[in-house]
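Biologist: I am new to reading structures, and I learn best from one part at a time. Please pick a single part of this one and take me through it slowly, with the terms explained as you go.

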Amino acid sequence: MSPILFNLYNEYLNKEALEGLGDFKIGGQIIHPVIYADDLVLLVKEEKVLQDMTAKLIEIGRCYGMEMNVEKTKVMRISRQPLSVKIMIDQNQVENVESLNIWLAF
């Protein structure tokens, strides 16, 4: 698949899968998912919402002939409570991490 076609598929897949799910607000502003190449950052307030979004991304992705790389997928909880998050993809638990390497370019 060409990079341009991949990026188009990825953009439409994310729009279709995430539309109306888990609007995250800070100071009244809705924060949308951050998408860069084939990376996606989702912000949610509840673990169940993240699991639902992940399941929807997988379901729609398969319709586009794309699979989520479980081994590269990470979850990070930002909270005063040091609890891990249990997100499952194809009966595999996503790895919990304490930090993520995210680069944003403007």
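Modeller: Let's start with a pair of charged side chains: Glu95 and Lys74 meet in a salt bridge, 2.9 Å from N to O. The term means that a side-chain nitrogen of Lys or Arg lies within 4 Å of a carboxyl oxygen of Asp or Glu. Glu95 belongs to strand 8 (residues 95-96) and Lys74 to strand 5 (residues 74-75), so this pair ties together parts that are 21 residues apart in sequence. Helices (H or I, at least four residues) and strands (E, at least two) are DSSP runs, numbered from the N terminus.

Before we go on, a word on what you are looking at. This is a predicted model, in which local features need pLDDT of at least 70 and side-chain atom pairs count only at pLDDT 80 or more, while totals for chains, interfaces and linings use all residues. Residues are numbered from 1 along each chain as its sequence is written, and side-chain values use heavy atoms, with hydrogens and water left out.

Back to our pair. Glu95 is partly exposed, at 42% relative accessible area, and Lys74 is partly exposed too, at 34%. Here buried means under 20% relative accessible area, exposed over 50%, and partly exposed in between (1.4 Å probe, protein chains only). Elsewhere, salt bridges that share partners join Arg62, Glu67 and Asp90 into one network. One link in that network is the bridge between Asp90 and Arg62, whose closest N and O atoms are 2.7 Å apart. Asp90 sits in the loop between strand 6 (88-89) and strand 7, and Arg62 in helix 2, so this bridge ties together parts 28 residues apart in sequence.

Arg62 brings us to helix 2, the part I'd like you to look at closely. Helix 2 has 17 residues (47-63) and should span 24 Å at 1.5 Å a residue; its end C-alpha atoms are 25 Å apart, which agrees. The expected span is 1.5 Å times one less than the number of residues. Helix 2 has a salt bridge of its own, between Lys48 and Asp52, with 2.9 Å between the closest N and O atoms. These two residues are 4 apart, about one turn of the helix. An α-helix has 3.6 residues a turn, so residues three or four places apart point the same way. Lys48 counts as exposed at 57% relative accessibility, whereas Asp52 is partly exposed at 34%.

Which residues of helix 2 are buried? They are Leu50, Met53, Thr54, Leu57, Ile58, Ile60 and Gly61. Take Thr54, which counts as buried because its relative accessibility is 7%. Leaving aside neighbours within four places in sequence, Thr54 is in contact (heavy atoms within 4.5 Å) with Met68, Ile87 and Ile89. By the same kind of count, Ile58 touches Met68 and Ile89.

Leu50 and Ile58 also help to form the largest nonpolar core, whose 8 residues include Val70, Val75, Val85 and Ile87. Such a core is a set of buried Ala, Val, Leu, Ile, Met, Phe, Trp, Tyr and Cys residues joined through side-chain atoms within 4.5 Å. A second, separate core of 5 residues includes Leu57 and Ile60, along with Ala17 and Met66. Finally, look just past the helix: Gly65 follows helix 2 and has a positive phi, near 75 degrees.
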